[in-house]
Amino acid sequence: MSLRVALLLIPFCSSFAADEAEPARWDDKTFGIHVAKPERGRFWTVVHTIPFSEGSKLEEGDEIMELDGERVSLSDDLVAMLRSADDTIELKAKRMVGGKRVIDSAKFSRTTEWEKTLGAFDSRKDELNGWEILSVKSLRDVYSGKSHLLPEVLLKNGNVETAMLRFQYRAKDWLFINQVTIRHGDKTFEIKLDRLTGTKREVLDGGIREWFSVSGSEAEEIIRHIADNHEADSLIRLHGNDYYKDIELSRMERIAFVWASQLWTYGQQRKSDLVKN
């Protein structure tokens, strides 16, 4: 499926917003579902959902058939239909499983952008620094057994404090990472050893793992750039003492950067609004 998706009612950056759309505020109300209008086919399709109520029943690639009992075809403006819908909706969608058609219905309720975006993240506590560390739920199982680049957002007292990129290298032998190069689209970021923090190395069954991270303005810039250019060619190189490891961003990993950038944007707006009030 193409990554040319409509992030439903989430015009937080130009990559996803309609030209005439105003930037969304952090408290705009919306549904927790992403949909795509495919280049071919007869139906809008599901890209990703946050499981409000029964929302997790719908899966990536499901074809949306009905909204509140009203037939939805590709020629319909599903975004407009959702904007004018009640605060609770029901979507009916279909998929093919083993050559048979399966139909599921799921209910969604409106919530604020801030609450909805928080719903996409898992949370863990950093008691030493007093931070709440948020990472994207849809990737929590994937990351345990592979090399990866993970965007995270750190909250303090319930407000966005900073952003962080967490790197993991899994292999048979040590790489002893001393530099990271991220080439994404028209930009290249070089992260030197003195900027890498939180280094951790451990021996696992059948191999090793190296952890490290970078935070602050550097992480914020990289997260925003990847999110705003999510379809661009991308390559992450982990440089070691004698070897290097290249990581490519999967489709879902790119969506994780979109979520992290969205949470960061709404968090900053929210802090600004709370200060004004």
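**Note on a predicted model: cores and salt bridges**

1. E202 has a relative accessibility of 19% and therefore counts as buried, since the cut-off for that class is under 20%. The model described here is a predicted one. The partner of E202 is R209, and the two side chains form a salt bridge with an N to O distance of 2.5 Å. R209 falls in the buried class as well, because its relative accessible area is 16%, and the class takes values under 20%. Both charged residues of this pair are thus buried.

2. Some general figures place that pair in context. The chain has 277 residues, and buried residues account for 51% of them. Its secondary structure consists of four helices and 18 strands. When contacts between residues at least 6 apart in sequence are considered, 62% of them join residues at least 24 apart. The chain exposes an area of about 14,000 Å², of which 44% is supplied by carbon and sulfur atoms.

3. Which residues have the most contacts inside the largest nonpolar core? They are L165, F167, V180, I182, I236 and L238, in a core of 44 residues. Helix α4, spanning residues 251–276, contributes the largest share of this core, with nine residues. A separate core of 19 residues lies apart from it, and W44, V46, I64 and L91 are among its members.

4. F167 deserves a closer look. Leaving aside residues up to four places away in sequence, F167 touches V180, I182, I236 and L238, among others; these four also appear in the list of residues with the most contacts inside the core. The other partners of F167 include H148, L149, I191 and the run E210, W211, F212, S213 and V214.

5. How many salt bridges does the chain contain? The count is 15. One of them joins the side chains of K187 and E221, at 3.7 Å from N to O. This pair connects distant parts of the chain, for K187 belongs to strand β14 (residues 187–192) and E221 to helix α3 (residues 217–228), 34 residues apart. K187 is partly exposed, with a relative accessible area of 37%. E221 is also classed as partly exposed, at 35% relative accessibility. Both values lie between the limits of 20% and 50%, which is why neither residue is called buried or exposed.

6. D246 lies in strand β18 (residues 244–247). Its side chain meets that of R237 in a salt bridge of 2.7 Å, N to O, and the two side chains are likewise joined by a polar contact of 2.7 Å. Are these partners buried or partly exposed? D246 is partly exposed at 29% relative accessibility, and R237 is partly exposed at 26%. Apart from residues up to four places away in sequence, D246 touches L235, I236 and R237. Of these, I236 is one of the residues with the most contacts inside the largest core.

7. D246 can also be placed relative to H148. The two residues are 98 places apart in sequence, while their C-alpha atoms are 9.7 Å apart in space. H148 is itself among the residues that F167 touches.

8. Lastly, salt bridges may link several residues. E59, D62, R95 and D104 are linked in a network of this kind.

Technical notes: Residues numbered from 1 in each chain as written. Predicted model: local features only at pLDDT ≥ 70, side-chain atom pairs only at ≥ 80, totals over all residues. Heavy atoms only, no water. Core = buried A, V, L, I, M, F, W, Y, C linked by side-chain atoms within 4.5 Å. Buried < 20%, exposed > 50% of the residue type's maximum accessible area, 1.4 Å probe, protein only. Helix = DSSP H or I, 4+ residues; strand = E, 2+ residues; numbered from the N terminus. Contact = heavy atoms within 4.5 Å. Areas by Shrake-Rupley, 256 points an atom, 1.4 Å probe, with all protein chains shown as cover. Salt bridge = Lys/Arg side-chain N within 4 Å of Asp/Glu carboxyl O. Polar contact = N/O pair within 3.5 Å; in protein donor to acceptor, adjacent residues only side chain to side chain.
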